[in-house]
Amino acid sequence: MLIQENKHNNSTFSFMLLVILLVVGTIMSLQLSREKKGAEGFTKEETALLSSGDSVMYVLNVNDPDDEKILRTKSLQLGAKALKSKEYESLKAKLMATVNAPEYGGVGIAAPQIGVNKRVIAVQRVDKPGEPFEVYPDIQIDTAFGAPVPGFEGCLSVPPLRGRVFRHPSVAISYRDASNYKLCRDTVSGFAAIIFQHECDHLDGVLFIDKADSVFVDDAWKAEYDSFAAQGKYLRPQH
Ligand SMILES: [Zn+2]
């Protein structure tokens, strides 16, 4: 009777274990597919941010702990489908408007700097006629060429500091054509190569202050920064 009961209990236990495993397995696979979906597109928060009307965005500041979390997060690829979305068009427009705004005026900006952890950057191609700004989705640096050389850098997310950073004089980059997701390649040299290295670092959560061998306050930038701050232009918008 006892053995019988044990047998009964054992089979009930096995059945329950199977049910639990199935449920856990289903939850895990749902979780994985959600994560996969998240990796191939904008999150709900990013979609909300990109749907807002402002074209010039608040630039995240490393001195703000909430901003720093986003700036220090590794950005994900967008994927073919997201590159055809209206959110991507909005991201491009916002990056361009922000980097060109008088209160910012940079030579490059990365999506995490406006709160979007995706591998998209805008770079002023100072090596091309007319020095146009161009946007590069799902970008990476494939190879860096030449011995690193020192140069002074600043960052819209690290005001009002500058620092001396060693960068490679040339880089080979690859990114995606937004219309057909075709892989595009380019080799860039000189100051444009420095901008690509700085902006691609942002996509890995790396800031120039991590690499700089000396950092100092840029007084001219500080004066400009303080004047815009007095106008409230650097304040985080309330949502
Ligand atoms: Zn930067």
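Q: What makes two strands pair?
A: Two strands pair when DSSP finds at least two bridges between them. In this predicted model, strand β5 (residues 149-154) and strand β6 (residues 161-167) are joined by 6 bridges. The cut-off is at least two, so β5 and β6 count as paired. The two strands run antiparallel.

Q: Which residues stand opposite each other in β5 and β6?
A: V149 has R167 of β6 as its bridge partner, and P150 stands opposite F166 in β6. The two strands form a hairpin, with 6 residues between them.

Q: Why are β5 and β9 said to stand at the edges?
A: The open sheet that holds them has 3 strands in the order β5-β6-β9, with antiparallel pairing. β5 and β9 (214-217) each have a single partner strand, so each has one side without a neighbour in the sheet. From one strand to the next the twist averages 30 degrees.

Q: What makes β4 and β7 a pair?
A: β4 and strand β7 (residues 170-176) are joined by 5 bridges. Set against the requirement of at least two, this makes them a pair. They run antiparallel, and I141 of this pair stands opposite I173 in β7.

Q: Which strands stand at the edges of the sheet that holds β4, and why?
A: The order of this open sheet of 3 strands is β4-β7-β8, and the pairing is antiparallel. The edge strands are β4 (140-145) and β8 (183-189): each has a single partner strand, so one side of each lacks a neighbour in the sheet. The twist here averages 20 degrees from one strand to the next. Helix α5 (residues 191-203) lies across β4, β7 and β8, at about 55 degrees to β7.

Q: Why does G53 count as exposed?
A: G53 has 4 C-beta neighbours inside 10 Å. A residue is exposed if that count is 12 or fewer, so G53 counts as exposed. G53 is found in the loop between α2 and α3 (65-71). Its C-alpha atom is separated by 9.8 Å from that of K94, which is 41 residues away along the chain.

Q: What puts the buried residues of α2 on the same side of the helix?
A: The residues in question are E46, L49 and L50. They cover an arc of only 95 degrees around the axis, which puts them on the same side of α2. The buried residues of α2 pack against α4. The face turned away from the buried side carries the exposed residues K44, A48 and S51.

Q: Why can residues three or four places apart in an α-helix point the same way?
A: An α-helix has 3.6 residues a turn, so a step of three or four places leads to a residue that points the same way.

Q: Where do the buried residues of α4 lie around the axis?
A: E87, Y88, L91, K94, L95, T98 and V99 are the buried residues of α4. Their arc around the axis is only 120 degrees, which puts them on the same side of α4. They pack against α2, β1, β2 and β3 (133-137).

Q: What span is expected of α4, and what does α4 reach?
A: α4 has 15 residues, and the span expected at 1.5 Å a residue is 21 Å. From its first C-alpha to its last, α4 reaches 21 Å, close to that expected value.

Q: Which residues touch the most other members of the largest nonpolar core?
A: This core has 42 residues, and those that touch the most other members are L91, L95, I109, A111, I121, V123 and F196. At least two residues each are supplied by α2 (44-51), α4 (86-100), β1 (108-110), β2 (120-124), β7 and α5. The largest share, 7 residues, comes from α5. Not counting residues up to four places away in sequence, L95 touches I109, A111, I114, A122 and V135.

Q: How many of the contacts between residues at least 6 apart in sequence join residues at least 24 apart?
A: The share is 67%. The protein has 7 helices and 9 strands, and buried residues make up 29% of its 239 residues.

Notes. Residues are numbered from 1 along each chain as its sequence is written. This is a predicted model: local features need pLDDT of at least 70, side-chain atom pairs count only at pLDDT 80 or more; totals for chains, interfaces and linings use all residues. Helices (H or I, at least four residues) and strands (E, at least two) are DSSP runs, numbered from the N terminus. Axes are lines fitted to C-alpha atoms, for helices over the stretch in contact, and angles run from 0 to 180 degrees between N-to-C directions. Two residues are in contact if their C-beta atoms, placed from the backbone, lie within 7 Å. A nonpolar core is a set of buried Ala, Val, Leu, Ile, Met, Phe, Trp, Tyr and Cys residues joined through C-beta atoms within 7 Å. A residue is buried if 20 or more other C-beta atoms lie within 10 Å of its own, exposed if 12 or fewer, and partly exposed in between; C-beta atoms are placed from the backbone. The arc is that of the directions from the helix axis to the C-beta atoms. The expected span of a helix is 1.5 Å times one less than its number of residues.
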